[in-house]
Amino acid sequence: MQAKHKVFLLSFCTVLLWASAFPLTKVVQEQFTSNPLGFLRCSIAAIFLIIIGKCSHIRIPAKKDIPYFILSGAMGFTGYMIFFNTGIQTLTSATSSIIVALTPILTAIGCAKVYHEKIKTIGWITIATAFMGVLVLLLWDGVFSINIGLIWTMGAALVFFGYNMMSRFLSSKGYTALEIVTYSMIFGALLLGFWSVQGFQQLAASDMSHILALVYLGAFPSAAAYFLWGKAMSFANRTSEVTNFMFVTPLLSTILGFLILREVPNMGTFLGGAIIICSIIIFNLKGK
């Protein structure tokens with residue numbers, strides 16, 4: 001399988017798993033509050049990744065690189081969980097998705113500046129077009145909730161942009177995707193340890209259906225998805241080849257919202273989704 005095909009497959013699987021986190025987070029928040037939920041989700045993910053890492057014989061990071069892993073974990077997991085879980089409480093899933101969809105634009109600009117990654121004019125046009133597709137998808141009915149949740153979710157987009165940059169940096173130092181996500185997740189969970197007591201208390205009081213949903217969030221949208229994301233990054237020539245797939249997340253989350261929460265998609269879903277998918281295809285064929 002060619003590298004570009006691997007990037008496509010890994011990136012799509014990642015955003016599919018991430019899309020499932022939007023409706024399921026709303027389900028789990030019926031019994032868990034934001035920061036304790038973040039601690040439990042990261043801890044479950046860290047356990048899964050440690051087991052996988054042990055079986056794969058991953059290396060211990062060099063002492064000089066530990067601060068980079070702490071920073072990576074603080075942005076990609078601690079910060080993201082706090083911002084995302086808090087923001088989604090007062091935003092619709094649609095509004096939350098569009099703000100997080102800003103991440104590819106931030107990452108493309110950041111990598112163009114820091115890593116001198118070149119993006120053709122058509123690439124920038126398709127990035128803009130894809131974002132317009134997100135707007136069509138989410139604003140079809142003219143509903144866009146703006147409140148404090150918007151600020152929190154903007155923070156989630158910014159810290160995830162930072163994680164993408166750190167992941168690229170650690171990859172350039174020779175660390176594998178599994179090593180990057182495992183150690184970043186461990187430090188992310190440790191930094192969320194301030195809410196461990198509340199997390200275990202809420203876990204003890206929860207019913208089995210919410211616990212299973214929580215385990216899913218930790219094992220798949222967190223552990224598996226971030227590993228696949230890092231793997232896609234390692235095969236990609238440019239970070240934007242991978243991050244552009246985040247534009248598909250709102251479309252997928254809308255579909256999963258229908259399947260899980262019985263939310264009925266409207267015509268904007270199909271029109272906006274078509275614009276997003278076409279933009280990503282053109283970007284990957286002509287934009288680099």
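This is a stop-by-stop walk through a predicted model, with a suggestion at each stop for what to select and what you will find there.

**Stop 1: the nonpolar core**

Start in the interior. The largest nonpolar core holds 76 residues. To get your bearings, select Tyr80, Phe160, Tyr163, Met185, Tyr226, Trp229 and Phe247, the residues with the most contacts inside that core.

Now pick out Tyr163 and show what surrounds it. Beyond residues up to four places away in sequence, Tyr163 touches Ser72, Met75, Gly76 and Phe77. Its list of contacts also takes in Ile180, Val181 and Ser184, along with Tyr226 and Trp229. Those last two names should look familiar, since Tyr226 and Trp229 are also among the core residues with the most contacts.

**Stop 2: Phe247**

Jump to Phe247, another of those well-connected core residues. You'll find Phe247 in the loop between helix H11 (residues 240-243) and H12. Is this loop residue buried or exposed? Phe247 is buried, with a relative accessible area of 0%.

To see what packs around Phe247, select Ala101, Pro104, Ile105, Ile127, Ala130, Phe131, Val134, Ile276 and Ile280: these are its contacts once neighbours within four places in sequence are set aside. Draw a distance from Phe247 to Ala101 while you're there. The two C-alpha atoms are 5.7 Å apart, although 146 residues separate Phe247 and Ala101 in sequence.

**Stop 3: a nonpolar patch on the surface**

Carry on from that loop into helix H12, which covers residues 249-261, and pick Phe258. Phe258 is partly exposed, at 32% relative accessible area. Add Ile255, Leu259, Ile260, Leu261 and Val264 to your selection, and together with Phe258 you have a nonpolar surface patch of about 510 Å².

**Stop 4: the salt bridges**

How many salt bridges does a search of the whole structure find? Two.

For one of them, select Arg59 and Glu179, whose closest N and O atoms lie 2.7 Å apart. This pair links distant parts of the chain: Arg59 sits in the loop between helix H2 (34-56) and helix H3 (66-90), while Glu179 belongs to helix H8, 120 residues away in sequence. The partners differ in how much they show. Arg59 is partly exposed at 44% relative accessible area, but Glu179 is buried at 2%.

For the other, select Asp65 and Lys173, whose side chains meet with an N to O distance of 3.4 Å. Asp65 is in the loop between H2 and H3 and Lys173 in the loop between helix H7 (148-172) and H8, so this bridge ties together parts 108 residues apart in sequence. Here the acidic residue, Asp65, is buried at 3% relative accessibility, and Lys173 is partly exposed at 36%.

While the H2-H3 loop is on screen, click on His57, which lies in it. His57 is exposed, with a relative accessible area of 68%. Check its backbone too: phi of His57 is near 55°, a positive value in a residue other than glycine. Most residues other than glycine have a negative phi.

**Stop 5: along helix H8**

Next, bring up helix H8, residues 177-191, and find Thr182. Thr182 is buried, with 2% relative accessible area. Follow its side chain back along the chain, and you'll see it reach the backbone oxygen of Leu178 at 2.7 Å. Farther off in sequence than four places, Thr182 is in contact with Leu49, Ile50 and Ile58.

Staying in H8, move on to Ile186. Ile186 is partly exposed, at 21% relative accessible area. That is a borderline case, because buried means under 20%. Leaving out residues up to four places away, Ile186 touches Ala46 and Ile50, and Ile50 is one of the contacts of Thr182 as well. For a sense of span, draw a line from Ile186 to Asp207: their C-alpha atoms are separated by 26 Å, with the two positions 21 residues apart along the chain.

**Stop 6: Asn35 in helix H2**

Finish at Asn35, in helix H2. Asn35 counts as buried at 18% relative accessibility, since the cut-off is under 20%. Which residues does it meet, apart from neighbours within four places in sequence? Select Ile82, Thr86 and Trp195, and you have the contacts of Asn35.

Terms used: Residues are numbered from 1 along each chain as its sequence is written. This is a predicted model: local features need pLDDT of at least 70, side-chain atom pairs count only at pLDDT 80 or more; totals for chains, interfaces and linings use all residues. Side-chain values use heavy atoms; hydrogens and water are left out. A nonpolar core is a set of buried Ala, Val, Leu, Ile, Met, Phe, Trp, Tyr and Cys residues joined through side-chain atoms within 4.5 Å. Buried means under 20% relative accessible area, exposed over 50%, partly exposed in between (1.4 Å probe, protein chains only). Contact means heavy atoms within 4.5 Å. Helices (H or I, at least four residues) and strands (E, at least two) are DSSP runs, numbered from the N terminus. A polar contact is a pair of N or O atoms within 3.5 Å; within protein, one must be able to donate a hydrogen and the other to accept it, and residues adjacent in sequence count only if both atoms are side-chain atoms. Patches are made of residues with over 30% relative accessible area and no salt bridge: like charges are joined within 9 Å, nonpolar side chains (Val, Leu, Ile, Met, Phe, Trp, Tyr) within 5 Å. Accessible areas come from the Shrake-Rupley method with a 1.4 Å probe; for residues, only the protein chains shown count as cover. A salt bridge is a side-chain nitrogen of Lys or Arg within 4 Å of a carboxyl oxygen of Asp or Glu.
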